[in-house]
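This report describes the surroundings of a bound ligand and the setting of one loop residue. The sequence and structure are shown first.

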Amino acid sequence: MLVDLRSDTVTRPDMAMRKAMLAAEVGDDVFAEDPTVNALQERCAAMLGHEAALFCPSGTMTNQIAIQVHTRPGDEVICDQLAHIYNYEGGGIARNSGASVKLVQGDRGRFNLAQVIQGINPLDSHYARTSLVAVEDTCNKGGGSVWELDELAQLSNHCRDEGLRFHLDGARAWNGWVSRGMWGDQELLASYGRMFDSVSLCFSKGMGCPVGSILVGSEAFIREAHRSRKVLGGGMRQAGMMAAAALHAMDYHVSAMSQDHVHARMLETVLEEHPEVSSVDPVESNIVIFTLSEMGADEAVRAFAAMGIACFAFGPHKIRLVTHRDVHADSLTEACRRLATWRGKASD
Ligand SMILES: *Cc1c(COP(=O)(O)O)cnc(C)c1O
């Protein structure tokens, strides 16, 4: 039995989701005439206390559109050194928006107000104009770290006072909401959403959809975003089938993520006691990042593959495991058993 812990993107649409997709009413979404896409956009906007939303093919696109709409060429974006927008979007900030980046050295992707204040450039023509602060919740490279709401609120207030835009890369915001016990609390979700000028959410990670992300913000913001989406080649026609998958996931898959989080903590427990492991990042959602004491990560990934556990190296001695809805309890238990009994060369 292969246990695939490489990423929550490997989740496949189940039969109920496929039925919902098949039954979706559709239209031409470039003309804003797809009723199912419109329903998804309205639902996500309302959920996060915003006016409008835009369904897009990927989370890279929703982030890149947000950055493009919020900045002008030559501006600067403040984000953490671990941010997806900086590390994993093909240099898109420079390429699509002509903006530069000020990296913050946060705590597993989370940074504080003092660090933002320090990162804002003076209003002097020598400097790039700081115009956007972007956060990632949960932070992938931070090991699925979950932000403190107070910390986000402080950043939000400061951005508002200073006239900076505030963007959330919420590819796995769902996991963060479940982790904090916020899911289902309409009021809390709306006040969370209103802290940001724009929010990007992914449906193709732990939500189990085949494709799709959404960008949420004000009507004026989304009007501009629509233009950016067109320019980036992201306009879709009968996208309602994909939106139906997303609506289905919002109805049925979010609360089930608590199981993924339990599974991640089970892996954490096994790894914490493991002789080949020097440390495990504290598990806060569905991602487990751990450091090997001696073995190189690539070698360990090969050893895990040989015992039926697929995962990725995340540094010279670091490995990432991601739990998700397609790894059921019995497979996860089996993976824990295999990991617990595994020994590298060092202890032969
Ligand atoms: C996956 C992911 C994205 C978007 O990736 P796509 O593959 O383009 O959908 C953005 N941010 C984070 C933190 C992610 O994990």
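## A loop residue and the ligand site

In this predicted model, Ser293 has a relative accessible area of 39% and is therefore partly exposed, since that class lies between the 20% limit for buried and the 50% limit for exposed residues. Ser293 belongs to the loop that runs between β10 (287–292) and α13 (297–306). In sequence, Ser293 is separated from Glu276 by 17 residues, while their C-alpha atoms are 5.5 Å apart in space.

The second topic is the ligand. The ligand occupies the largest pocket. The residues surrounding the ligand are Ser58, Gly59, Thr60, Asn63, His84, Glu89, Glu136, Asp169, Ala171, Arg172, Cys202 and Lys205. By residue class, this shell comprises two nonpolar, five polar and five charged residues. Helix α3 (residues 59–70) makes the greatest contribution to the shell, with three residues.

Distances between polar side-chain atoms and atoms of the ligand are listed below.

| Residue | Ligand atom | Distance |
|---|---|---|
| Thr60 | oxygen | 2.6 Å |
| Lys205 | oxygen | 2.7 Å |
| His84 | nitrogen | 3.5 Å |

In addition to these contacts, the protein buries 83% of the 380 Å² that the ligand exposes when taken alone.

Definitions and conventions: Residues numbered from 1 in each chain as written. Predicted model: local features only at pLDDT ≥ 70, side-chain atom pairs only at ≥ 80, totals over all residues. Heavy atoms only, no water. Near = heavy atom within 4 Å. Polar contact = N/O pair within 3.5 Å; in protein donor to acceptor, adjacent residues only side chain to side chain. Areas by Shrake-Rupley, 256 points an atom, 1.4 Å probe, with all protein chains shown as cover. 1 Å grid on protein atoms, 1.4 Å probe; cavity = no way out; pocket = protein on both sides within 12 Å on 5 of 7 lines; lining within 4 Å. Sits in = over half its atoms within 2 Å of the grid points. Helix = DSSP H or I, 4+ residues; strand = E, 2+ residues; numbered from the N terminus. Nonpolar A, V, L, I, M, F, W, Y, C, P; charged D, E, K, R; others polar. Buried < 20%, exposed > 50% of the residue type's maximum accessible area, 1.4 Å probe, protein only.
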